[in-house]
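Please examine the sequence together with the structure. A visitor and a guide will then discuss parts of them.

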Amino acid sequence: MKIEEHKSLEALTTLRACGTARYFCIVGNVSELSEALQFARAEGVPLHILGGGSNMLVGEFDGLLIKLNLCGMEWSDRGETVLVKVASGEGWDAFVEETVTRGLYGVENLSGIPGTVGAAPIQNIGAYGAEVKDVIHAVDVFDTGEMRVRTLTRSECRFGYRTSIFKTSEGKGLIVVAVTFLLAKTGTPNISYKDLTRRFGTRSPSSLSLGEVRRAVLAVRREKFPPLDGYGTAGSFFKNPIVTREVYERLAAAHPTLPAFPIPEGGVKLSLAWILDKALGLKGFRKGAVGLYEKQPLVLVNFGGATAAEVESFAKEIAERVREKIGIEIEWEVEKLS
Ligand SMILES: Cc1cc2nc3c(=O)[nH]c(=O)nc-3n(C[C@H](O)[C@H](O)[C@H](O)COP(=O)(O)OP(=O)(O)OC[C@H]3O[C@@H](n4cnc5c(N)ncnc54)[C@H](O)[C@@H]3O)c2cc1C
């Protein structure tokens with residue numbers, strides 16, 4: 001395992017904001033991971049994990065950044081279902097494509113999300129009416145306190161909207177090394193999300209193949225997200241805000257067409273894209289090299305050469321404008337590391 005120093009991170013995160021890590025290494029198995037942790041301890045520096053870098057804003061990180069490159073998928077047939085254990089360094093979308101090819105139901109609506117399998121449980125990735133928590137059976141973690149691998153059940157992961165135990169102080173010392181998914185051999189695609197319903201018109205969900213659903217999701221995503229080879233982006237930069245019913249009613253009185261969705265955990269989830277576009281007129285708003293994508297204002301774009309500080313300052317300005325005009329706080333979906 002090679003430790004590099006003063007590693008430029010521009011090419012390692014999809015936002016492509018300029019930043020560096022004091023130390024950087026790529027690990028291919030658990031014993032290298034353990035070696036890397038010992039190095040960080042000996043040097044007295046913090047460590048952080050990097051997957052595909054598609055949900056991170058990295059400035060100057062004075063610690064060890066570890067890129068996980070653990071690979072492999074183990075499939076086991078359980079009759080009506082299939083359990084598959086996937087190593088954390090596998091690409092998320094390559095895994096989804098493989099499940100669709102094998103005719104397995106469960107992750108097709110999550111097609112096209114960039115990043116690695118190991119990062120999927122961290123923020124409980126979701127899209128088009130699906131969340132990864134619904135198909136996660138267990139998560140194997142390297143516990144940096146106990147220096148051993150242990151398995152968390154789905155309920156121990158404490159999944160919620162774009163969150164999990166891994167985002168809490170309790171889960172910060174846990175590194176995901178593999179995720180086990182429970183997928184079904186039969187099912188009916190979920191096309192209830194409006195972009196998918198519109199695309200399929202009058203066709204009934206049961207007549208659709210998994211391949212058709214995957215292709216439709218990928219087509220919808222192409223319309224919403226900028227291409228990664230042309231723009232620096234981390235997808236949706238902010239979370240959709242969840243507010244109390246009282247706050248929602250106050251906002252709905254002022255903005256009757258504000259899209260809102262009651263959520264099972266309690267509260268109402270608001271469409272931040274609508275707020276940024278219709279209430280604040282910020283779709284396409286740009287300052288220097290940073291802006292909101294003209295087709296989807298939740299998506300922040302680095303048009304080239306922006307530093308992490310510039311991205312952060314722009315994001316703070318957006319949050320401030322939402323606070324002033326709407327009276328609510330918004331949170332980043334993207335993780336900041338500096
Ligand atoms: C164009 C675009 C579209 C997107 N669309 C969506 C979407 O529809 N839905 C959605 O939910 N997200 C979306 N995202 C965000 C992103 O793809 C997901 O959050 C993805 O899971 C991040 O994976 P990654 O491997 O790139 O993680 P990274 O960005 O490398 O890391 C993200 C966080 O997870 C931690 N982490 C990563 N791997 C591990 C591990 N093995 N163990 C412990 N911690 C780890 C990192 O330390 C960091 O804090 C999008 C991003 C882009 C660029």
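The dialogue below concerns one helix and one asparagine.

Visitor: How are the residues numbered, and what kind of model is this?

Guide: Residues are numbered from 1 along each chain as its sequence is written, and side-chain values use heavy atoms, with hydrogens and water left out. Local features need pLDDT of at least 70, side-chain atom pairs count only at pLDDT 80 or more, and totals for chains, interfaces and linings use all residues, since this is a predicted model.

Visitor: What span should helix α1 have?

Guide: Helices are DSSP runs of H or I with at least four residues, and strands are runs of E with at least two, numbered from the N terminus. Helix α1 holds 14 residues, 30–43. The expected span is 1.5 Å times one less than the number of residues. The end C-alpha atoms of α1 are 20 Å apart, which agrees with the expected 20 Å.

Visitor: Which residues of α1 are buried?

Guide: Buried means under 20% relative accessible area, exposed over 50% and partly exposed in between, with a 1.4 Å probe and protein chains only. On the other side of α1 from the buried residues, Ser31 and Ala42 are exposed. The buried residues are Leu33, Ser34, Ala36, Leu37 and Ala40.

Visitor: Is asparagine 109 buried or exposed?

Guide: Asparagine 109 is found in the loop between α2 (92–101) and β8 (126–127). Its relative accessibility is 3%, so asparagine 109 counts as buried.

Visitor: Which backbone oxygen does the side chain of asparagine 109 reach?

Guide: Contact means heavy atoms within 4.5 Å. Leaving aside neighbours within four places in sequence, asparagine 109 is in contact with residues including Ala127, Asn190 and Val213. At 2.8 Å, its side chain reaches the backbone oxygen of tyrosine 128.

Terms used: Polar contact = N/O pair within 3.5 Å; in protein donor to acceptor, adjacent residues only side chain to side chain.
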